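Let's take a friendly walk through a protein model, one region at a time. Please have the picture open and turn it as you read.

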Amino acid sequence: MRMDGSCRLIESPFPLLRIWQVNQPGHDGEMWVDFQVGPDRLRVRREPSGVALERIAAGEFAWLSVLSARSDLAAAIAAAQHADATFDLGGALHRFIGDGTIAGILDAPVTGMSSGGD
């Protein structure tokens, strides 16, 4: 599978989403950032209205990371389940194909098949 070119994944031990939010023009809410919250796993996406950041679950992040490295689906599922035992493949496919994060399926060579001329 191939991620859309407008999407990137960012993982940090810091609460990046909150830091980004409080530094946006026009932010008039609380400026406090709790650095003890834990890691942030974000999907960053360029949209017509600007940049959108979204926190995603550990399993989804692991799955998309492995897929974006052009690895196979089985490796991506294993990584996702290792990161989060409750990872839902069907839900992830529906969500990330539906919102355009996954932009296509890469061709993979077929192995173990006879060419027919044996």
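## Starting at a loop

Phe14 lies in the loop between β2 and α1 (16-22); helices (H or I, at least four residues) and strands (E, at least two) are DSSP runs, numbered from the N terminus. Before going on, please note that this is a predicted model, in which local features need pLDDT of at least 70 and side-chain atom pairs count only at pLDDT 80 or more, while totals for chains, interfaces and linings use all residues. Residues are numbered from 1 along each chain as its sequence is written, and side-chain values use heavy atoms, with hydrogens and water left out.

Is Phe14 buried or exposed, or partly exposed? At 45% relative accessibility, Phe14 counts as partly exposed, because buried means under 20% relative accessible area, exposed over 50%, and partly exposed in between (1.4 Å probe, protein chains only). Leaving out residues up to four places away in sequence, Phe14 touches Ile19, Phe35, Gly38 and Asp40; contact here means heavy atoms within 4.5 Å.

One of those partners, Asp40, lies in strand β3. With 3% relative accessibility, Asp40 counts as buried. Not counting neighbours within four places in sequence, the contacts of Asp40 include Ile10, Glu11, Ser12, Leu16, Arg18 and Arg55. A polar atom of the Asp40 side chain also lies 2.9 Å from the backbone nitrogen of Leu17. This is a polar contact (a pair of N or O atoms within 3.5 Å; within protein, one must be able to donate a hydrogen and the other to accept it, and residues adjacent in sequence count only if both atoms are side-chain atoms).

## The overall plan

Let's step back for a moment. The protein has four helices and five strands, and from the N terminus on the elements run β-β-α-β-β-α-α-α-β. Of the 118 residues, 28% are buried. Among contacts between residues at least 6 apart in sequence, 60% join residues at least 24 apart.

Here are two pairs of residues, with their separations in sequence and in space.

| Pair | Apart in sequence | C-alpha to C-alpha |
|---|---|---|
| Phe14 and Arg41 | 27 residues | 9.6 Å |
| Ser71 and Met1 | 70 residues | 8.4 Å |

## The sheet

Which strands form the open sheet, and in what order? The three strands have the order β2-β3-β4, with antiparallel pairing. β2 (7-12) and β4 (50-55) stand at the edges with a single partner strand each, so one side of each has no neighbour in the sheet. From one strand to the next, the twist averages 25°.

β2 pairs with β3 (residues 40-47) in the antiparallel sense over six bridges; two strands count as paired if DSSP finds at least two bridges between them. Within this pairing, Cys7 has Arg45 of β3 as its bridge partner. The helix α2 packs on the sheet, touching β2 and β3, and its direction makes about 125° with that of β2. For such angles, axes are lines fitted to C-alpha atoms, for helices over the stretch in contact, and values run from 0 to 180 degrees between N-to-C directions.

## A covered helix and the core

How many residues of α2 are buried? Eight of its eleven residues are, which leaves α2 mostly covered. They include Gly59, Glu60, Phe61 and Ala62. Their cover includes β1 (2-3), β2, β3, α3, α4 and β5 (102-104).

Now look at the largest nonpolar core. Of its 16 residues, Trp63, Leu64, Leu67, Phe96 and Ile102 touch the most other members. Two or more residues each come from α2 (58-68), α3 (73-83) and α4 (89-98), and the largest share, five residues, comes from α2. A nonpolar core is a set of buried Ala, Val, Leu, Ile, Met, Phe, Trp, Tyr and Cys residues joined through side-chain atoms within 4.5 Å.

## Around the helix ends

α2 is followed by Arg70, whose phi is positive, near 65°. Most residues other than glycine have a negative phi. Arg70 sits in the loop between α2 and α3 and is exposed, with a relative accessible area of 58%. Ser71 belongs to the loop between α2 and α3 too, but is partly exposed at 29%.

At the N-terminal end of α4, Asp88 acts as a cap: one of its side-chain oxygens lies 3.3 Å from the backbone nitrogen of Gly90. After α4 comes Gly100, with a positive phi near 90°.
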